[in-house]
Amino acid sequence: MVVINFREGMPFFKVFFTLLITVNLMAQSFNIQAGTLPVDTVDSLYHRYEGGGMTIDGPFILVRKSVGNQFSLSGHYYVDSVSSASVDVLATASAYTEERTEVSAGVDYLNEKTLMSFKYTNSEENDFTANSAFFSVSQDFFGDLTNLSLGYARGWDDVGELGKSETEDADRQIYQLGMTQVLTKNSLFGFNVETITDEGFLRNPYRQVRYLDTTASRGYSYQSENYPETRTSTAIAMRALYYLPYRASIKGEYRYFSDSWGIDAHTYELLYVHPIGAKWTLEGRYRYYSQTEADFYQDLFPFLDAQEFKARDKELSTYTDSTLGAGVSYELGQGVIPYIDRFKFTLLVDYLKFEYDNFRDVVAGENSPVGSEPLYEFDAWVTRASVTLEY
Amino acid sequence: MKAYLLLTILLASLVGMSGCADLKPWVKPYERSNLADPIMSLGRHGVAGSYVHHVYQAREGARGAEGGAGGGCGCN
């Protein structure tokens, strides 16, 4: 891994660190339904994110194998290769490259209609280590029309800073409740609620805030961010899936989010899936997200040490983003490839557009009066190509 | 607070529903063929689905309740 002279930045990656393990555990554990063990599979993905001056790509491989009728073992390997020249980095530092590697090991245990899952995950990067343990219980009942799941996760992060030997700690606890309900022979309803509490060093050690400074030639100077040492958030999501009169499905989703830092967010998503014959499936989706800013966020503080807590992380500002996505899958069933019950190739491409209401582009607005720089916006492409083998 | 209020209402509704002793599963196993179709899964894309949640969590202030799975026929 090579790091090229950076002092500030990595907004994408730091938030990534803080949250990725959580999501990874959740997303994969929630891909399991009670009443049956997960299918033996090798799921491999090449992922690529390109936008806002950043390129992140790498592999993501999950292997799962059952042992007897009651146990299933799993492990995954995930890499992010990052090349960054984002607006945060360019404002106060130089472009850098970096790599993060994540591995996990998990076991699922099935007892009649109850599925218990445990997973441990480790993530390593040159100035950051994250470990996390997750446990969940999932149960089918009411004639198997209802599935309820409860999950708990605990995370321990070591946040370092290049050039310093000591590290800071950040701990996290996650509580999840999920329900899936069959409504009719053509429709499903899903409900999830999740509360996360963080405690410790929650900011990016490299990122800075800017404040008005008449003695500086550009009219402003920078100082370090300072965040509260606790954060509690709750997200509630509802989703409905409907089988159309012809063979196709449509999904609608809404999520409300609120946290103790003052951020309120709404997410809306619509997905349409349309098979063509037995082998091909097309899909299209639209997603819209909006949030308000954290109480201690400002794009430009009025003076040095203007307040105790201060942030200029654009992910804590007021903004919206939207996604337009399309995908195609090709699938082969049992008997086509020896020893493989199911083969599936999927290509998904998403276009994302971010528009900030209170985060100014100091790089593009170099010659603008301070505080009048253009508002920042950028777009990104996300590509996912995966091969899934079930055996 | 809005989140907790909404949660309380939903949980209260669930508890209330549990009092309906005569409520029986209304979709029979032989009526679940459409629900069993893979296009009715809430998490069709495996690790590719997990990854896109990562992208959003890294880019957005909100986090959690991504769900992304379940669905299907409930006929295990």
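A:D144 sits in the loop between β6 (128–141) and β7 (146–159) of chain A, where strands and helices are DSSP runs (E, at least two residues, for strands; H or I, at least four, for helices) numbered from the N terminus. Although not a glycine, A:D144 has a positive phi of about 65°. The residue is buried, with 21 other C-beta atoms within 10 Å; the cut-offs are 20 or more other C-beta atoms within 10 Å for buried, 12 or fewer for exposed and anything in between for partly exposed, with C-beta atoms placed from the backbone. A:E112 is another non-glycine residue with positive phi, near 55°, and is found in the loop between β4 (96–111) and β5 (114–125) of chain A. A:E112 counts as exposed, because it has 10 C-beta neighbours inside 10 Å.

All of this comes from a predicted model, in which local features need pLDDT of at least 70 and side-chain atom pairs count only at pLDDT 80 or more, while totals for chains, interfaces and linings use all residues. Residues are numbered from 1 along each chain as its sequence is written, and chains are lettered from A and ligands numbered from 1 in the order in which they are written.

As for confidence, the predictor gives the complex an ipTM of 0.88 and a pTM of 0.87. Chain A averages a pLDDT (the predictor's confidence in each residue, from 0 to 100) of 90, and 91% of its residues score at least 70. Residues 1–32 of chain A stay under 50, and the model has 117 contacts beyond four places in sequence for them; a contact here means C-beta atoms, placed from the backbone, within 7 Å. For chain B the mean pLDDT is 76, with 59% of the residues at 70 or more. Among the elements of chain B, helix α1 (residues 2–18) has the lowest mean, 59, and helix α2 (residues 33–36) the highest, 94. Over residues 69–76 of chain B, pLDDT stays under 50, with 40 contacts beyond four places in sequence.

On to the overall build. Chain A has 2 helices and 18 strands, and its C-alpha atoms fill a box of roughly 75 × 45 × 40 Å along the principal axes. The radius of gyration of chain A is 23 Å, which agrees with the value near 21 Å for a compact globule of 391 residues; the radius is taken over C-alpha atoms, and the globule rule is 2.2 Å times the number of residues to the power 0.38. Buried residues make up 43% of chain A. Of the contacts in chain A between residues at least 6 apart in sequence, 61% join residues at least 24 apart. Chain B, by contrast, comes to 3 helices and 0 strands, and 51% of its 76 residues count as buried.

Strand β12 (residues 230–243) of chain A pairs on two sides of the list: 13 bridges join it, antiparallel, to β9 (residues 187–200) of chain A, and 11 bridges join it, also antiparallel, to β13 (residues 249–259) of chain A. Pairing requires at least two DSSP bridges between the strands. A:F191 has A:M238 of β12(A) as its bridge partner, while A:I236 is matched with A:Y256 in β13(A). A hairpin through 5 residues joins β12(A) to β13(A).

The two chains come together in the largest nonpolar core, a set of 25 residues in which A:Y49, A:V382, B:V47, B:A48, B:Y51, B:V52 and B:V55 have the most contacts. Such a core is a set of buried Ala, Val, Leu, Ile, Met, Phe, Trp, Tyr and Cys residues joined through C-beta atoms within 7 Å. Elements giving two or more residues to this core include β1 (41–51) and β18 of chain A, together with α3 of chain B. The largest share, 7 residues, comes from α3(B). B:V55 is in contact with A:Y49 and A:V382, leaving aside neighbours within four places in sequence. Another core, of 16 residues, lies apart and has A:I263, A:F301, A:A311 and A:L316 among its members.

Helix α3(B) (residues 46–59) has 14 residues and reaches 21 Å from first C-alpha to last, close to the 20 Å expected at 1.5 Å a residue, the expectation being 1.5 Å times one less than the number of residues. Since 14 of its 14 residues are buried, α3(B) is largely enclosed by the rest of the structure.

Methods. Two residues are in contact if their C-beta atoms, placed from the backbone, lie within 7 Å.
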